[in-house]
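Subject: Structure for your review

Dear colleague,

I am passing on the structure we spoke about, and below it I have set out what a first reading turned up. Please read the notes with the model open beside them.

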Amino acid sequence: MISASSSKSLKTPWTPEEDSNAGAAKQEEPWPALAGRTLVALVEQVFSHLLKIVNICAHVMDDVAPGPAIKATLPSLTNPPSLSPIRRKGKEKEAAEQASVAMSPKKSTENSPAPRQIDASGPTPTSKSSLLGNFYHLPSYLKLYDVLKATHANYKVTLDLQNTTEKFGGFLRSALDVLSQILELATLQDIGKYVEEILGYLKSCFNREPMMATVCVQQLLKTLFGTNLASQYDCLSANSRGSQGKAQRLGSSNLRPGLYHYCFMAPYTHFTQALADASLRNMVQAEQEHDTSGGSEAIIPNIFFFLVLLSYERYHSKQIIGIPKIIQLCDGIMASGRKAVTHAIPALQPIVHDLFILRGANKADAGKELETQKEVVVSMLLRLIQYHQMHIDSHEALGVLNTLFEILAPSALRPVDMLLRSMFVTPSTMDSVSTVQLWISGILAILRVLISQSTEDIVLSRVQELSFSPCLISCATINRLRNSENINPAEEQTVEEQRKYLPEETFARFLLQLVGILLEDITTKHLNVDMNEQQHTFYCQELGTLLMCLIHTFKSGTFRRITAAATKLFTGDGSSDDFYTLESLNDLVQSMIATHPSLVLLWCQILLLVNYTNCSWWSEVHQTPKRHSLSSTKLLSPQISEGNEEPDSESKLGMCNREIVRRGALILFCDYVCQNLHDSEHLTWLIVNHVQDLISLSHEPPVQDFISAVHRNAAASGLFIQAIQSRCENFTAVSSLEFRALD
């Protein structure tokens with residue numbers, strides 16, 4: 001009931017017509033994510049009830065008797081302290097007054113009960129006058145405490161540590177699970193004053209239920225930093241208010257992001273900006289590890305990342321922890337005898353990134369103290385230099401390598417000869433998946449540097465001077481390397497034969513050969529036979545990165561010669577046997593439509609950038625029906641099997657992926673037609689064969705631009721109306737769009 005109410009609020013925070021003052025007032029209400037305000041009181045009662053239950057469990061596990069809080073006292077000494085009689089009498093009077101206040105009936109209500117007795121090993125909430133989880137004054141909760149205490153005592157006697165159905169543990173897990181869900185709907189305003197109290201309870205619960213306690217801490221952090229479900233409500237509300245006054249596109253009543261945004265605009269923007277957003281992944285494994293040192297290897301880098309972030313925070317103008325203390329902790333790990341590769345180096349990574357990149361870029365932080373800290377870290381790194389390693393076996397590892405190149409001074413990467421020599425190389429063998437992936441990762445990292453920091457003239461002049469040839473990875477060479485055959489240098493082409501390739505053709509051919517290698521390995525190697533799931537994913541990520549590099553090269557306008565050479569290769573006769581032909585690459589991509597839609601759409605984008613508009617290819621991708629007459633009234637939609645058999649999950653996924661490719665390719669083709677309106681053939685082809693698809697995708701910006709272009713042309717507009725009348729079965733559903741287009 002609570003989840004449904006919250007979902008309703010998130011979908012419709014409030015209508016744009018509402019006054020902004022009313023919206024602000026609504027934000028100040030407690031639990032604003034709940035649409036039904038009658039549920040607020042219920043949620044607050046549930047929240048209070050949960051804290052009391054978790055507090056009871058904390059009492060049981062810490063073996064603390066429920067009762068009002070008392071100050072911890074030192075053990076009695078044989079010689080009393082030398083206080084004067086007056087001061088001693090004053091302190092005794094003060095203690096008596098505090099005790100009377102704690103036991104006063106007026107102070108022992110449910111909303112502001114006296115806190116429980118504090119034990120050195122138990123949770124220690126700081127606010128003693130407003131603890132929501134106090135229960136010692138409530139008989140029903142005291143009975144529950146007695147029951148849980150007996151259950152937990154029985155559990156400790158039996159020593160059945162592996163019993164997953166044990167009642168006390170199951171009860172605690174359920175309580176923490178519900179608490180984590182409630183925190184998803186809370187805001188800082190709702191739970192701000194209970195944060196320390198909750199953390200105290202979770203600290204006691206951690207040893208018994210580490211996974212669920214950590215989940216609750218994560219949810220608490222999400223609530224504090226505004227990234228939980230309730231905060232999404234705020235974002236939607238802001239978007240709703242901010243969208244007022246903006247011009248609406250043709251045929252669109254809602255400017256929501258569509259397929260074009262998510263498949264093309266957002267990824268390309270992310271790529272060109274080269275943002276390396278660091279995210280904290282504090283996911284706890286479901287199964288507890290018997291060896292605690294094994295778990296430390298995974299959590300140490302996250303701990304130090306958190307400490308580095310904490311070094312920016314202050315509590316009452318006092319720094320919580322400083323970088324020198326963090327460096328000291330890391331030095332302690334180095335001195336502990338643990339493996340440097342699994343402990344010391346991961347711990348140093350967030351420190352190095354913070355000191356040399358983040359703080360180093362801020363002139364306000366520059367100073368002798370920062371330089372001293374850098375020198376200390378460098379000395380620590382020099383002690384670890386013997387443990388250097390280069391394992392690029394994941395997208396994250398490739399991102400680290402990219403970051404390394406980005407932070408280097410540009411002069412350190414000049415001249416580009418060393419980069420090109422490292423790029424135009426042939427691996428010793430290609431019979432191993434890991435070897436191929438490592439080789440291509442290095443090329444991708446260098447390619448990223450070349451297209452972002454060098455000019456086309458410099459790169460191509462050095463390619464020609466160094467006499468590189470695309471035959472380095474010709475199809476024949478690839479096949480021999482896959483069969484573990486040695487490559488004889490004497491059999492390589494002579495310099496005269498190499499020079500028949502222009503440098504831009506060499507560069508373009510080399511990249512297209514890499515595309516072919518990745519496509520073949522992805523489509524021909526069997527999962528869990530020739531490669532594991534991680535390797536398959538990394539293959540796809542490498543291909544996606546390579547295609548994004550090609551898209552940037554073609555779209556940026558700074559690599560015109562390479563773009564022209566690639567266009568010539570794509571539109572050529574494809575008669576060469578030494579390299580992958582466009583037809584062979586298209587066949588490989590086409591076989592991936594049902595499994596890898598995002599990669600297929602990237603390839604479609606590349607084809608349009610080089611003006612490849614082959615009708616047969618695009619008809620397959622668009623799933624265009626085999627007819628062209630406007631006299632037929634049959635719907636132009638994807639061909640679906642007429643069988644009555646219920647498709648399995650894999651078939652459903654394949655159908656979904658095909659539909660993603662079909663719609664995405666249509667959006668791309670509309671964008672291409674809008675940029676090439678002089679070619680009326682493609683505009684006519686789209687209208688005649690895909691008018692209903694154009695209507696269903698009219699909220700996408702390129703399709704809106706396409707319809708606007710049709711509207712500006714009398715002949716095309718008439719054809720569009722004719723297509724709607726003959727091809728759209730439900731004419732009334734699109735009549736409003738038609739009239740808008742012709743208005």
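I begin with Asn134, which has a relative accessibility of 0% and therefore counts as buried, the limit for that label being under 20%. Asn134 belongs to the loop between helix H4 (85-103) and helix H5 (139-158). Although Asn134 and Ser48 lie 86 residues apart along the chain, their C-alpha atoms are separated by 9.4 Å. Please keep in mind throughout that this is a predicted model.

As for the chain as a whole, it has 743 residues, of which buried residues make up 43%, and its secondary structure comprises 32 helices and two strands. If one takes the contacts between residues at least 6 apart in sequence, 76% of them join residues at least 24 apart.

The helix pair I looked at in detail is helix H3 (residues 39-62) with helix H6 (residues 167-184), whose axes come within 10 Å and cross at roughly 145°. The crossing in which H3 passes H6 is left-handed. On the H3 side the contact includes Val46, Phe47, Leu50 and Leu51, among others, while on the H6 side its members include Phe168, Phe171, Leu172 and Ile182. Sorted by class, the residues of this contact are 18 nonpolar, with no polar and no charged residue.

Turning to the interior, the largest nonpolar core holds 111 residues, and within it Met423, Phe507 and Trp603 touch the most other members. Helix H18 (residues 433-453) supplies the largest share of this core, namely 12 residues. There is also a second, separate core of 39 residues, which includes Trp31, Leu34, Ile182 and Cys216. As general background, nonpolar side chains in soluble globular proteins tend to be buried together.

Trp603 deserves a closer look: leaving out residues up to four places away in sequence, it touches Val515, Leu547, Phe570, Leu582, Leu585, Asn586, Val589 and Trp617. Ile606, which is found in helix H26, has a relative accessible area of 1% and is therefore buried. When its neighbours within four places in sequence are set aside, Ile606 is in contact with Leu547, Leu550, Ile551, Phe554 and Phe570. Ile606 and Thr567, which are 39 residues apart in sequence, are 9.9 Å apart in space from C-alpha to C-alpha.

Helix H27 (residues 615-622) has as its buried residues Trp617, Trp618, Ser619, Val621 and His622. These buried residues of H27 pack against helix H25 (582-590), helix H26 (597-609), helix H28 (649-675) and helix H29 (680-696). After H27 comes Gln623, which has a positive phi, near 55°.

Finally, a word on the cysteines. How many disulfides does a search of the whole structure find? The search returns zero. Two cysteines may be worth inspecting on their own account: Cys604 is buried, since its relative accessibility is 0%, and Cys471 also counts as buried, because its relative accessible area is 17% and the limit is under 20%.

With best regards

Note on methods:
Residues are numbered from 1 along each chain as its sequence is written. This is a predicted model: local features need pLDDT of at least 70, side-chain atom pairs count only at pLDDT 80 or more; totals for chains, interfaces and linings use all residues. Side-chain values use heavy atoms; hydrogens and water are left out. A nonpolar core is a set of buried Ala, Val, Leu, Ile, Met, Phe, Trp, Tyr and Cys residues joined through side-chain atoms within 4.5 Å. Buried means under 20% relative accessible area, exposed over 50%, partly exposed in between (1.4 Å probe, protein chains only). Helices (H or I, at least four residues) and strands (E, at least two) are DSSP runs, numbered from the N terminus. Contact means heavy atoms within 4.5 Å. A disulfide is a pair of cysteine sulfur atoms within 2.5 Å. Axes are lines fitted to C-alpha atoms, for helices over the stretch in contact, and angles run from 0 to 180 degrees between N-to-C directions. A crossing is left-handed if the near helix is turned anticlockwise from the far one by less than a right angle, and right-handed if clockwise. Ala, Val, Leu, Ile, Met, Phe, Trp, Tyr, Cys and Pro count as nonpolar, Asp, Glu, Lys and Arg as charged, and the others, Gly among them, as polar.
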